[in-house]
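Work through the exercises below with the sequence and coordinates open. Each task is followed by a solution in steps.

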Amino acid sequence: HYKNPKPTATLICPRNEEILLVKRAQEPGIGLWCLPGGFIEREETPEIAAARELKEETNLEGKVVALLGTSSHFNTMYGDILLIGMEMTINDWSKIQPGDDADETDFINLKRIPTLAFPCHDKIIDIYRKKIR
């Protein structure tokens, strides 16, 4: 019996020089900004989980266009977590609204990222920054 990390779909949704962030409505990290995403459920691919989490948290529909990389994190609530960073493309931003785990959504310039709820999200953002340089 292995104590494997729980995988997440962790999303970078770019719009020009900005990325989409969500403000957490629940613990851990309530009231702090983070990348959209969440746990991959049984029988889901990372891409299906990414689209589902994006819809749940932002009401947007999107498609994975790139696998960016991974990051690990130990969370006191859930144990070891493996973040799978994915870049999404969004065709229509007009339907954006905070969903189940989000109090707010906003576009933040990549040069002005606030302190995030999870330091491992900074690593996913850094991977994305290196990709677009």
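**Exercise 1. List the residues in contact with Leu 21, leaving aside its neighbours within four places in sequence.**

Step 1. Contact means heavy atoms within 4.5 Å.
Step 2. With that cut-off, Leu 21 touches Trp 33, Cys 34, Leu 35, Glu 104, Thr 105, Asp 106, Ile 108, Pro 114 and Leu 116.

Conventions: the model is predicted, so local features need pLDDT of at least 70 and side-chain atom pairs count only at pLDDT 80 or more, while totals for chains, interfaces and linings use all residues. Residues are numbered from 1 along each chain as its sequence is written, and side-chain values use heavy atoms, with hydrogens and water left out.

**Exercise 2. Find the largest nonpolar core and the elements that give two or more residues to it.**

Step 1. A nonpolar core is a set of buried Ala, Val, Leu, Ile, Met, Phe, Trp, Tyr and Cys residues joined through side-chain atoms within 4.5 Å; buried means under 20% relative accessible area (1.4 Å probe, protein chains only).
Step 2. The largest such core has 21 residues, and Ile 12, Ile 19, Leu 21, Leu 35 and Ile 125 have the most contacts inside it.
Step 3. Two or more residues come from each of β3, β4 (33-34), β7, β8 and α2 (119-132); helices (H or I, at least four residues) and strands (E, at least two) are DSSP runs, numbered from the N terminus.
Step 4. The most, four residues, is given by α2.
Step 5. A second, separate core has 16 residues, among them Leu 20, Ile 40, Ala 49 and Leu 60.

**Exercise 3. Describe α1: its span, its buried residues and what these pack against.**

Step 1. Helix α1 covers residues 46-58, which is 13 residues. The expected span is 1.5 Å times one less than the number of residues.
Step 2. From first C-alpha to last, α1 reaches 18 Å, close to the expected 18 Å.
Step 3. Its buried residues are Ala 49, Ala 50, Arg 52, Glu 53, Leu 54, Glu 57 and Thr 58.
Step 4. These pack against β1 (6-12), β3 (18-24), β5 (37-39), β6 (62-75), β7 (79-90) and β8 (102-109).
Step 5. After α1 comes Asn 59, with a positive phi near 65 degrees.

**Exercise 4. Give the order of the elements in the chain and the share of its residues that count as buried.**

Step 1. There are two helices and eight strands.
Step 2. From the N terminus on, the order is β-β-β-β-β-α-β-β-β-α.
Step 3. Of the 133 residues, 44% count as buried.
Step 4. Among contacts between residues at least 6 apart in sequence, 69% join residues at least 24 apart.

Methods: Buried means under 20% relative accessible area, exposed over 50%, partly exposed in between (1.4 Å probe, protein chains only).
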